[in-house]
Amino acid sequence: MKISNYNQLLAISTLISGMIIFLALWSQYQKVEKITRKHYESRLLVQTVDHLFTMSQIWLTTQDLLFSGRQTYLANGISKQSKLLTETLLMVKQKVPDNTTSDLAQELIAAIKKNDVIVNSFSHLSMQNTQAWQNTIIESDDVTSRYISVLNTILTHVLLNDRHLSNELRLATVNFTQLTWVVISLYLLTVFFTVTWFSKYIVKPIENIITLAQQPVGMLTNIQFRQANAPIEVVALSSAIQKFTQSITKEKQKAEQEGNNAVRANEKANAIMDTMPCSLFLVDEWGAIQECNSESENLLLRSKDKILTKNIGEFIPALWTLGGDFDHETALKSMEESLLSPEFTAQYIEFSGRKITIKGAVNYLITVIDINERKHSQRALSSLNEQLINAEKLASIGQLSAGIAHEINNPVGYIRCNIDVLNEYFKSIVAYIKLVGAYGNNDVAKLMYKNEDLDLVIKDIEPLIGATLEGTARISEIVKDLGNYAHVDKKSPEPIVIDELIEKSLSMVANELKYKVEIIKCLDAKVEIFGFPQKLLQVFINMLVNASHAIESKGSISIYSKTYQHEVRICFEDNGSGITQEHLKDIFNPFFTTKPVGKGTGLGLHIVRSIIEDHHGRINVSSIVGKGSKFDIYLPVHHTEEFITELLCK
Amino acid sequence: MKKLLTLVLLVLFNHHAEAEAYCSLRDPVAQIKLLYPQKTNQLSIVKEVDRNTRAQVQIELPNNDLHYSELGKHTLYVAINGKKTLGYIHVRSEQSMWGLVEIVWAIDKDLKITNFAFQRCRSPKKMIINEDKFKSMIIGKNYEQLKELLSSDGRTANKSLLKNAQNAHELANVVLMCALKTLLITTILWGEELKQFNK
């Protein structure tokens, strides 16, 4: 049977038993109440009869006063007392429970009337008529004696009735009390048995289940939860718990397996994290570090416990907003280069972050890589590149050296001739001066002057000196240009007039070009850009030398410069042999060359592109074999501070 | 001679005295004959109960003093057989629950109660008092002996008397008090005269 059925049964039985108890008690109570009411009335009757006794005593005493003192005026009062007694007796007569007593009351009323007649007869007697007095008293005494006797009988009846009612009341009260106790006892007994039965049949099985459920978890597999002798719900519950326990056991085993897997995975993850060559930080949405790997300790030069709970911004200021909060947006970026806080000597880092949700909370996994070595390598590479550029530059100087030597030898040649001439002129002039000074003979001097043609000498000296000076100036210019070309750029970028730089490159390679190349130029850039002039000069020289090499016997090189909005375009176009499509894709690769061994390093165009890209520019090439090649160089005009800073770093 | 004179005087004033006394026998001859069947004659001695008498009673029986209405002339009857005094008769009234109770007391020459009878009593319980069981507790006792029957309050009878008067305690108390007063007043008022009858 179900507990609900038991409950219904219990409720119905409780209701019925309650009604029975109530009716029994109510019935008994009504009985007690009825008897109590009767007893109360009886008590009132007893009091009334007692009062009647007192009235009668007074009545008789008054009569005795009349009899003894022969005071006949008392007869009137006695008559009034008789009236009151009669009224009281009438009342008693109505209230007495039986006819016998009622008849006795009536007899008393008759006695009072009879006595009244006797007492009234006194008023007719003479005080001296003693015998008549005595006779009348005797007559009255007979009546009143009978009256007292009857009154006693009435009192006896009333008291008996009252005692009877009192007994009845006591009995009824006792019965009521006993019934109440019996009912209470039965009720308690029923409650006890019900509770015992409930405890045994309902509570005990549940307690068994609870006791079994409190067994250590490891023992649950062998415990039998099913309760056979119990209500249907408890049986169902115990069966459900049995199944549930089995299910839990399975789930527990699975969970333990998964837990072991998780532990292994965690160990693996920790091993991976700790062996990762970068620092990992798990931070919460406020930037507090929740977890980190051992590499983080190496990076931040402190133990893990001094890293955890600290804000990541304390170590990487870039992850702090201006307001001092964690910068979520920056944390999700990939920063190829950033800095640790100033307290670290090796500051260069690279970091990137990802947002991950762990147990509903937003976290950030930030990877930090120490790039100080890379930075150092970059610097070394940059220095190497710079050396390479300079080597290439020196190589180009080597290539140009024959032309440059020629350019220098030419003025040197005529300077030497001029100096030889001037030396001859100097000797003649010195001899003339000596002659004039030693002899003071103008004739000899004049002869000499005439023979030596000093007029011509004097006239020729100035042009010779001028030509010599011009030659030295030219040499000086060539040397200066060469020196400038060989000179390494300053560390900081400087303004460059592109057209002038092109002109300078042309002058550097003029001797290389002048015998076979016609230069066609249209320089209309008219703009300054920021950059490194020697590097760009190297680019232009390289362009011109390559173009010159592409022309076997005779050709032309066209040079254009023009500014387009934010950039300047410099075009070098030749009508030389051109480059095959096969080679076009490789010409900017390092060490690629089609020239014979010892003629080229294969680094020229690679360095050209490198320099242009360093200036945030680009270079395009187009070529047709047999018709020539065209190189377009684009350089930005308007440079930002960022660009300048970047150039500075390079 | 002196004794004879007194008796003559008493007889001469007998009728007058009877007329004035409140507590007196209704039918003296018959009632004295009833108590003293051997009597041949009787005498009546009238005395007045005054304030002085009342005061003496008050001293002797502090809680049973006489009512003022009892002050006045009272009669003591002497039952005589020839020249022999048989005893004395005195009637006393006593207030009871049911009015006045008049008891006729027979007293011997030693002032002991020899018998008593109700001249007036409305209470039906007089039957109990008239039983020998109760009467024997009173009869044969003098004043002192009767006083021993009083309880400590001096107004009611003790248990030894009351147990012989089941359901008539009030009337028993009345009878005892009446007996005590009767003997006391007889001694106080008539003591001197009665000495002559005892010679």
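**Helix α3 of chain A**

What span should the 24 residues of helix α3 (residues 99-122) of chain A have at 1.5 Å a residue, and how far apart are its end C-alpha atoms? In this predicted model, the expected span is 34 Å and the end C-alpha atoms lie 35 Å apart, so the two values agree. The expected value is 34 Å because the span is taken as 1.5 Å times one less than the number of residues.

Several residues of this helix are buried: T101(A), L104(A), A105(A), L108(A), A111(A), I112(A), N115(A), V119(A) and F122(A). The elements that cover the buried residues of α3(A) include three other helices of chain A, namely α1 (3-69), α2 (74-95) and α4 (130-213).

**Overall composition of chain A**

Chain A contains 17 helices and 12 strands. Of its 650 residues, 24% are buried. When contacts in chain A with a separation of 6 or more are considered, 64% of them link residues 24 or more positions apart.

**The five-stranded sheet**

Strands of a sheet pair through backbone hydrogen bonds, in either a parallel or an antiparallel manner. In chain A, 5 strands make up an open sheet with antiparallel pairing, arranged in the order β2-β1-β5-β4-β3. Its edges are formed by β2 (289-292) and β3 (334-339) of chain A, each of which pairs on one side only. On average, neighbouring strands of this sheet are turned by 30° against each other, direction ignored.

Within this order, β1 stands beside β5. Strand β1 (residues 279-284) of chain A and strand β5 (residues 361-370) of chain A run antiparallel and are joined by 6 bridges. One specific pairing places L282(A) opposite its bridge partner L365(A) in β5(A).

**The β11-β12 hairpin**

A further antiparallel pairing in chain A involves strand β11 (residues 618-624) and strand β12 (residues 628-636), over 7 bridges. I624(A) has G628(A) in β12(A) as its bridge partner. There are 3 residues between the strands of this hairpin, and G626(A) adopts a positive phi near 90° there.

**Contact between chains A and B**

How many residues of each chain take part in the contact between chain B and chain A? The contact involves 10 residues of chain B and 13 residues of chain A. The side of chain B that touches chain A comprises 5 nonpolar, 2 polar and 3 charged residues.

Note on methods: Residues are numbered from 1 along each chain as its sequence is written. Chains are lettered from A and ligands numbered from 1 in the order in which they are written. This is a predicted model: local features need pLDDT of at least 70, side-chain atom pairs count only at pLDDT 80 or more; totals for chains, interfaces and linings use all residues. Two strands pair if DSSP finds at least two bridges between them. Helices (H or I, at least four residues) and strands (E, at least two) are DSSP runs, numbered from the N terminus. Two residues are in contact if their C-beta atoms, placed from the backbone, lie within 7 Å. Ala, Val, Leu, Ile, Met, Phe, Trp, Tyr, Cys and Pro count as nonpolar, Asp, Glu, Lys and Arg as charged, and the others, Gly among them, as polar. A residue is buried if 20 or more other C-beta atoms lie within 10 Å of its own, exposed if 12 or fewer, and partly exposed in between; C-beta atoms are placed from the backbone. Axes are lines fitted to C-alpha atoms, for helices over the stretch in contact, and angles run from 0 to 180 degrees between N-to-C directions.
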